[in-house]
There are 2 protein chains.
Amino acid sequence: MDVLVDVKSYMQQVGREARSASRAVARASTGAKNTALLAMAKAVRERRAELLAANAADVEQARVDGLDAAMIDRLTLTEKGVESMAQGLEQVAALPDPVGEITDMKRRPSGIQVGKMRVPIGVVGIIYEARPNVTADAAALCLKSGNAAILRGGKEAIRANQAIAACVREGLKAAGLPESAVQVIETTDREAVGHLITMPEFVDVIVPRGGKGLIERISKDARVPVIKHLDGNCHVYVDDAADPVKALRIVENSKTQRYGTCNTTESLVVARAVAATQLPAIAAMLIAKGVEIRGCEETRKLVPTAKPATEEDYHTEFLAPIIAVKVVAGLDEAIEHITKYSSAHTESIVTENYSHAMRFLREVDSSSVMVNASTRFADGFEYGLGAEIGISTDKFHARGPVGLEGLTSQKWIVLGDGEVRQ
Amino acid sequence: MDVLVDVKSYMQQVGREARSASRAVARASTGAKNTALLAMAKAVRERRAELLAANAADVEQARVDGLDAAMIDRLTLTEKGVESMAQGLEQVAALPDPVGEITDMKRRPSGIQVGKMRVPIGVVGIIYEARPNVTADAAALCLKSGNAAILRGGKEAIRANQAIAACVREGLKAAGLPESAVQVIETTDREAVGHLITMPEFVDVIVPRGGKGLIERISKDARVPVIKHLDGNCHVYVDDAADPVKALRIVENSKTQRYGTCNTTESLVVARAVAATQLPAIAAMLIAKGVEIRGCEETRKLVPTAKPATEEDYHTEFLAPIIAVKVVAGLDEAIEHITKYSSAHTESIVTENYSHAMRFLREVDSSSVMVNASTRFADGFEYGLGAEIGISTDKFHARGPVGLEGLTSQKWIVLGDGEVRQ
């Protein structure tokens, strides 16, 4: 790759090969795709030493380059990590094949039967950062959904990613599928990303996996659709008809089960009618777990140790043991507050009131809306998708956790018996 | 509008109002939306004279400006046209409301029930040309699907469009919905389109309705998703197992029922095994109807009056009584030919062979793929969508005829009983 003077030509060549391979992958049988995935898993296990050595070189370079500890942690591949990569490939092989699924067939007055068949999108470009296991995960999901993939990993993981790419190619070859069905970009030149996201003739959709900054940059410059996952500023609303036991349990789990995930609750909204009876116990639980409370004035009267919440706090995805709390008049004000501050990722109402539950479900415009459940459930595995390529905070095409289905489209099919239009 | 010195500020104001109105429309009851649609129909009928006068002024201006006869024909509104506009509004009122529909609920091992609820996309921008009836149609479809709409009609139809906009506002007002839920752009400045398609903060999707040139221009410059409808270079493939009666009837209807529609067949592909027995009769039927045949060498041996087909002919959407014909070895070569030349709109195979039918359905990557049916069926009404905002030749989000459902998305909903994640 050092001789690549022209990154644009290289990327166009990659794009052209992906487009060409996408036809073969789209038509590939479920058996061929699964054979490839299982062969990839085998190759990953067989080449474990090679993968670990490549990763060790990446990690060494990262230390020389002065990358921070968190980054090096994400970059580091262990023996266990290699094994779980292989298992991930096997899990995707075990998922049902979405391609070719026929649904919604209806007979029309003309005599024809009309319905839909699920089809791959074509070529998927995935842009990600340090974690090398994404290379295997993304390759597997794209292949199983019948798409060709162009993977662009982080510069810091280039050696491990290339080693994983070799295993992926070995698997494709074993199944008689074109090796260019999954291509891992070989250059670390930043310019490559700019080309990848502006080749609608070769790439049909981009899935960026990384920080908000990366995703915003890509969305701004892309000339193809982007499945965006921005921030997760999630809310739990404790309604005036909330069961206090459920409320306590759901807030605890939503906020404290893990602090760093996008489906972690960052703001608690409480109906005035139950604030005095329920908020002190909830606050005591949170404080006991080391969570800092930042509240509105009413909250601070009930929770004396709470700090005052700023406007900014209600907008913030803390990803830390901090929670913003707001007391509201009731359901209407709660929905208003959520509409104003939420990032439209996941919100949950705790209530025993049927009409409040239905209004919250209908009126809150987030990718996941829940009744009496922890926001931490917003996840592809918990939803039964089997795997997840990302979580979309967008409304076009796919919303919320995106599994194999989000990497497909549907075409119309018509079964006739010689019918013509009148 | 003459005082609008700053088109950008005007468009941003329109966008802001649309975004704000979109919340009310998204939450509006089916009853309120239908009340608005029926009140719009009433207003259109009551103001018929006004609409016709506004349109007459548009037509007069178009004549002064030297617009061609076809354009003036599309622009002209008749009494019957006004009545069918009112009926169109009533038809949309009669369609089922897609918003809030809950599907696919499944219980998960954790105890939660997970499924999907259909939701509006938000703000839809529609850009169209001469036909003023699109103003009413588009307003109706956007409103029924719970979206706010920004409509930008052709300069030549500005007076009729504004008169229709007044009826739309009257309907919205009668139902207590915000009048800015449907806004018709008041400036004819071309710059307005440039702003409309580059305001992702206010507009969620653009639907251009017009010629390929318009759509390509918009897609190139848009900063929001575009539901594209490019050309319709449709094929009928007469397989070696084709029933000759069905083949003749399907080619006749696909090619000659109407010449100017996007689902009209432009190319005929015939398997060599049946070319000698079936092609002469098909050609005779076409010639008798005045269709010019442009064929490959083999075609010309069987149809002596056929002109030679050029490479360009196979790529062309003629929209005229011209058909390109190609004799192929069989199914594989037919699929290859279609993949190479088709615009991925609609293709049909005529065959009695089950495996050929299934392979064609699976392997042809077009928005509609048919067996033993006329390509002319590729239409929202024929498919039972009730109405059609356009036909998407894209694969992301919506494909083929786009009805109310194509203007919606789905969010995840979770029904729990206090469950938390382990």
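Let's start at a single rung of the ladder between the chains: A:L415 has B:V371, in β13(B), as its bridge partner. The model is a predicted one, and this pair is a good way into it. Strand β16 (residues 408-419) of chain A and β13(B) run parallel and are joined by five bridges.

**One sheet from two chains**

That link belongs to an open sheet of 10 strands with mixed pairing, ordered β1(A)-β2(A)-β16(A)-β13(B)-β12(B)-β7(B)-β8(B)-β11(B)-β9(B)-β10(B). At the edges stand β1 (102-107) of chain A and β10 (307-308) of chain B; each has a single partner strand, so one side of each is left without a neighbour in the sheet. As a reminder, strands of a sheet pair through backbone hydrogen bonds, either parallel or antiparallel.

Here are four of the pairings, with their senses and bridge counts.

| Strand pair | Sense | Bridges |
|---|---|---|
| β1(A) and β2(A) | antiparallel | four bridges |
| β2(A) and β16(A) | antiparallel | eight bridges |
| β16(A) and β13(B) | parallel | five bridges |
| β8(B) and β11(B) | parallel | five bridges |

Individual residues help to locate these pairings on screen. Starting from the chain A edge, A:K106 has A:V114 in β2(A) as its bridge partner. The hairpin of β1(A) and β2(A) has five residues between the strands, and A:G111 there takes a positive phi near 105 degrees. Moving on, A:R118 is partnered by A:Q410 in β16(A). On the chain B side, the bridge partner of B:V269 is B:K326 in β11(B).

A helix also lies over this sheet. α10(B) lies across β16 of chain A and across β7 (234-238), β8, β11, β12 (346-350) and β13 of chain B, and it runs at about 160 degrees to β12(B).

**How the two copies meet**

Now for the interface as a whole. Contacts link 56 residues of chain B with 56 residues of chain A. On the chain B side, the elements giving two or more residues are α1 (7-27), β2 (113-120), α10 (244-256), α15 (354-363), β13 (368-373) and β16 (408-419). The most comes from β16(B), with 11 residues. By class, this side of chain B has 22 nonpolar, 17 polar and 17 charged residues.

What turn lays chain B on chain A? A turn of 180 degrees does it, with a shift of 0.0 Å along the axis and an RMSD of 0.0 Å. That is the relation of a two-fold axis. Among the residues of chain B, B:H397 comes closest to the rotation axis, with its C-alpha at 1.9 Å. The copies meet through the same surface, because 100% of the interface residues of chain B are also interface residues in chain A.

**A helix pair within chain B**

Two packed helices are described by the angle between their axes and the distance between the axes. For helix α3 (residues 48-64) and helix α7 (residues 158-174) of chain B, the angle is about 160 degrees and the axes are 7 Å apart. That makes α3(B) roughly antiparallel to α7(B), since angles over 145 degrees count as such. The crossing of α3(B) past α7(B) is right-handed.

Which residues meet here? From α3(B) come B:E50, B:L51, B:A54, B:N55, B:A57 and B:D58, which meet B:I158, B:R159, B:A160, B:A163 and B:I164 of α7(B). By class, this contact has seven nonpolar, one polar and three charged residues.

Note on methods:
Residues numbered from 1 in each chain as written. Chains lettered and ligands numbered in written order. Predicted model: local features only at pLDDT ≥ 70, side-chain atom pairs only at ≥ 80, totals over all residues. Axes fitted to C-alpha atoms, helices over the stretch in contact; angles between N-to-C directions. Parallel < 35°, antiparallel > 145°, perpendicular 65-115°, else oblique. Left-handed = near helix turned anticlockwise from the far one by under 90°. Contact = placed C-beta atoms within 7 Å. Nonpolar A, V, L, I, M, F, W, Y, C, P; charged D, E, K, R; others polar. Pairing = 2+ DSSP bridges. Least-squares fit on C-alpha atoms with pLDDT ≥ 70 in both.
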